[in-house]
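Dear colleague,

Here is the structure I promised to pass on to you. Please open it first, and then read the notes below beside it.

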Amino acid sequence: MKLQALRLFLRIMELGSLAAAAKSLNMSQSAASRLLSGLEHGTGLRLFHRDRMRLVPTPEGTSFFAEVRRVLVAIDDLPRVAQRVAGGTRVRLRIVSMPRFAASLLAPAVAQFHHLHPEVEVEVAIVHRRELELAVANQSFDLGIGALPLDNPGIESQPLLSLPAVIVLPPAHPLASRKSLGARDLAAETLVVLGPGTQLRHDVEAMFAADGLTIHPTIVVDSLEFACRLVAQGSGVTIADPLTPATLGAGRLAMVPWRPRTLFHVGVLRPALMPSSPSVERFVECLRREGRQLGGRLARA
């Protein structure tokens, strides 16, 4: 498999056309076409649908793109790695997290770890659940922070924090003064939810199903922070753990506990069969310390 073919594929995905990709790589369109055909033949994948002058990625092409980008980023990073090794800076900690836990849990833990261990280079990536599983399982990162449960033989998970489910509403909403709310209380509300396939969407659907109901979302988004910002603008209500709404600032959102009490679980994820380094163990200590402090603050709120 030629590296040049992978770079061409990446540019086609980014630019949307073979001609633009070929031009960016200083090659003829005919040479680019042969290179792309060779890549598809060599991988056994049909990467694009041909639609007149456009190339439309297939589902296989989209999945392959995520892996190719990861590999090429790592290759392009090799000069920096060599420079770091030559300079004697050998310790690096690679962390990946779902967006839900980045601002409230990961950021203070990274700051705490850096204060205690400034000699360690820390690399952080924020990705969605599916990408996180892949990144941890293939050992691209030393550890991850994600929602549990998780069933992946390539990942070892440890519980970190359990968070109560809450309904997030505008502060002036008529339901904001209630002590608790259930699925039937939201029947007439505009429901903002995450897209299918996300852990939070699965959890919310299960919460409604426990009450014999099916969710009928009005607005579907791919970010819980964006969902909460929509709620703050008066565009509906959403169901979440308290972390993301709390980071948006007091007074902007109201949170009412879900009835019956339901917990969302957060875990530390590590590549299976990969020994943990001292830096990983020290960072997990920082995470657990921050998790305890965060849990205490939420309990007092």
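The largest nonpolar core (a set of buried Ala, Val, Leu, Ile, Met, Phe, Trp, Tyr and Cys residues joined through side-chain atoms within 4.5 Å, where buried means under 20% relative accessible area with a 1.4 Å probe, protein chains only) has 36 residues, and Leu93, Phe101, Leu105, Leu143, Val266, Phe283 and Leu287 touch the most other members. Its largest share, six residues, comes from α11; helices (H or I, at least four residues) and strands (E, at least two) are DSSP runs, numbered from the N terminus. Leaving aside neighbours within four places in sequence, Leu105 is in contact (heavy atoms within 4.5 Å) with residues including Ile145, Leu160, Val266 and Leu287. Apart from this core lies another, of 32 residues, among them Val166, Val193, Val221 and Ala240.

This is a predicted model, in which local features need pLDDT of at least 70 and side-chain atom pairs count only at pLDDT 80 or more, while totals for chains, interfaces and linings use all residues. Residues are numbered from 1 along each chain as its sequence is written, and side-chain values use heavy atoms, with hydrogens and water left out.

There is also an open sheet of five strands in the order β9-β8-β10-β7-β11, with mixed pairing; two strands pair if DSSP finds at least two bridges between them. Because β9 (219-221) and β11 (254-257) stand at the edges with a single partner strand each, one side of each is left without a neighbour in the sheet. Strands β8 (residues 191-194) and β10 (residues 237-240) run parallel and are joined by two bridges, and Val192 has Thr238 in β10 as its bridge partner.

Best wishes

Methods:
Buried < 20%, exposed > 50% of the residue type's maximum accessible area, 1.4 Å probe, protein only.
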